[in-house]
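Please describe how the sheets of this protein are built, how helices lie against them, and how aromatic rings meet one another and nearby charges.

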Amino acid sequence: MWDFLKQTHSWPHGSSSKSPSEELKKLLKKVVSFRDLHIHVNVASDASLTSLEAKAQQEEAHIPSSSSLYAAGQNNTHRVVLEQKKLAIILVGLPGRGKTFLCNKLKCYLNWLGHPTAHFNVGQYRRKIKAGADMQDAEFFDHNNPAGRAARERAFHLALQDMMGYLHTEAGQVAILDATNSTQERRNKVCEALRGRVRYIFIENICADPGVLQQNYLNKMLYSPDYQGVDTEQAVSDFMLRIRKYEDIYEPIEDRNMHYIKLTDMVTGRGHIDINRISGYLPGKIVFFLMQVCKSGMTNARRIWLTRHGESIYNQKALIGGDSSLSPNGAAYAEVLPEVILSRLPKSADGTPVPVSVWTSTLQRTIQSAAALPFAKLRWKALDEIDAGICDGMTYAQIAEKHPAEYEARKKDKLRYRYPRGESYLDMIARLEPVISEMEREGESIVIVGHQAVLRVIFGYLMAQPQAAIPSIHIPLHTVIELTPRPDGTMGVEYIPVPIQLGDGPHAHPSDLAASMEASMGEQQQLPPALLQQQCQLQAQLAAAVGCGAAAAAAAVVALDAL
């Protein structure tokens with residue numbers, strides 16, 4: 001060992017007078033560890049070297065690091081440790097710009113990926129602490145109103161306190177603070193609370209497109225708790241005045257020392273995104289995800305239909321996996337499916353049907369089930385059923401008999417259990433992430449003809465289900481699940497059973513099925529007349545308020561007269 005060190009180290013002049021142990025001790029303080037040299041030594045014969053290494057490490061331990069010196073110079077008795085795995089997302093933007101939409105989308109996505117995320121809406125705190133049942137009108141949001149400003153500051157601090165409490169729990173990883181945060185002063189307060197404790201980024205959403213703003217304002221007044229039971233004309237006037245109050249003091253993010261993502265008119269397809277000092281795994285995924293979500297926008301009239309393939313030969317035999325074809329019952333379902341979808345196509349603002357695309361796996365039972373759908377089709381390898389590995393082509397009873405340990409392991413934890421040479425549900429989440437990104441990017445309606453496990457994962461994302469619940473989501477056979485995007489980023493859901501009789505009995509004729517479907521959905525397809533009237537009134541008033549011109553206002557008035 002000593003000969004090796006003499007050959008690999010340039011000894012300073014005069015060092016030969018020192019003993020080998022002294023030279024080695026000096027060297028050990030400069031080298032990280034002997035283990036880094038990957039030298040295999042005889043522990044018994046080199047015991048003295050080991051003791052010298054340990055002694056040198058003990059002496060190094062008494063040398064204070066720069067961080068400990070900094071902490072020693074502080075008056076605080078408790079050191080604050082930056083939690084690298086925790087992330088706070090702070091929204092910035094004027095009212096009606098889609099901040100809550102982005103919050104709900106991010107919450108769905110991050111929870112689905114396995115990063116526990118919570119949403120803290122300052123508006124909800126504001127409504128909880130208000131006195132009496134009076135509406136918090138525009139004057140409440142005036143920067144020169146001391147009482148209103150104090151109440152809003154209190155709501156802000158309560159939300160910030162709860163957010164920090166959540167992030168300090170073991171379970172909480174990401175928190176989203178949903179508020180206007182419209183001044184640099186307010187944003188500085190957030191930074192002071194978070195700096196040195198958790199990582200944080202700002203997301204500013206800017207929109208100046210009159211058409212988008214009109215639709216956003218309409219949704220705000222139809223669904224916001226602030227305007228429940230308020231006269232339409234009064235709601236429009238008050239909300240527009242509230243926005244002007246915020247515009248008077250609004251300061252966009254311009255400090256290049258801050259970590260931020262700035263979205264400008266992204267939902268129009270003509271906007272842009274600015275990224276400043278953003279790095280790391282989660283912030284990087286958030287940037288990519290926002291680019292997809294903002295591309296499709298908030299106001300598009302679209303539907304997402306999920307359906308399992310028709311009954312297959314393997315389904316009849318209770319076998320899992322495989323690439324079997326459809327049974328006669330499954331073929332009957334494939335024949336009826338187009339009538340179901342065609343009867344529920346949404347229309348865009350100009351009255352034309354929204355384009356539809358059909359996504360299937362590469363397995364023949366989904367391809368056969370979608371064959372009669374009169375829309376463009378796309379086959380995804382990522383949509384193939386979960387890989388059952390060595391259990392492919394077996395029944396669960398056979399798995400319990402031949403592989404009892406695997407059967408019990410799957411029963412205990414279906415989310416993490418991976419079939420030998422196969423996949424787990426967590427593997428499928430990773431596999432389906434590109435599908436989710438493309439689904440969010442698309443502005444058109446989508447029919448996904450898939451498999452049970454695959455549709456569980458997709459449905460779990462769309463409905464903001466926790467990861468642990470995904471393997472148990474019920475996806476019935478011969479049923480269309482219709483999902484309707486809402487303005488706040490959540491989804492409405494409706495199950496549409498398709499009456500295909502399993503067995504040897506007669507099947508429903510497609511025309512009979514379409515008629516029964518149309519009759520059964522009745523009121524679900526149409527808004528109540530009172531709500532329709534309110535919606536048209538809002539559209540007419542908002543069109544003038546945001547500068548959409550006389551044509552848009554006249555169109556809303558014509559629709560109102562037609563009621």
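A residue is called buried when its relative accessible area is under 20%, exposed when over 50%, and partly exposed in between, using a 1.4 Å probe and protein chains only. This is a predicted model, in which local features need pLDDT of at least 70 and side-chain atom pairs count only at pLDDT 80 or more, while totals for chains, interfaces and linings use all residues. Residues are numbered from 1 along each chain as its sequence is written, and side-chain values use heavy atoms, with hydrogens and water left out.

**Sheets and helices**

Helices (H or I, at least four residues) and strands (E, at least two) are DSSP runs numbered from the N terminus, and two strands pair if DSSP finds at least two bridges between them. One open sheet has six strands in the order 2-3-1-4-5-6, with mixed pairing. Strand 2 (117–121) and strand 6 (272–276) each have a single partner strand and stand at the edges, so one side of each lacks a neighbour in the sheet. Within this sheet, strand 1 (residues 83–92) and strand 4 (residues 198–206) pair in the parallel sense over seven bridges, and I89 stands opposite I201 in strand 4. Helix 8 (residues 184–194) packs on the sheet, touching strand 1, strand 3 and strand 4 (contact means heavy atoms within 4.5 Å); its direction makes about 160 degrees with that of strand 4, where axes are lines fitted to C-alpha atoms, for helices over the stretch in contact, and angles run from 0 to 180 degrees between N-to-C directions.

Another open sheet of six strands, also with mixed pairing, follows the order 9-8-10-7-11-12, and its edge strands, strand 9 (376–379) and strand 12 (491–497), each pair on one side only.

**Aromatic rings and charges**

Rings of Phe, Tyr and Trp (its six-membered ring) pair if their centres lie within 6.5 Å, and planes under 30 degrees apart count as stacked, over 60 as edge-to-face and the rest as tilted. By this rule there are eleven aromatic pairs, among them the two edge-to-face pairs tabulated here.

| Ring pair | Centre distance | Plane angle |
|---|---|---|
| Y200 and F202 | 6.2 Å | 90 degrees |
| Y217 and F239 | 5.4 Å | 75 degrees |

Y217 lies in helix 9 (residues 210–223) and F239 in helix 10 (residues 232–249), so their pair ties together parts that are 22 residues apart in sequence. Both Y200 and F202 are buried.

A charge sits over a ring if NZ of Lys or CZ of Arg is within 6 Å of the ring centre and within 35 degrees of the ring normal. R186 lies over the face of F156, at 4.0 Å from the ring centre.
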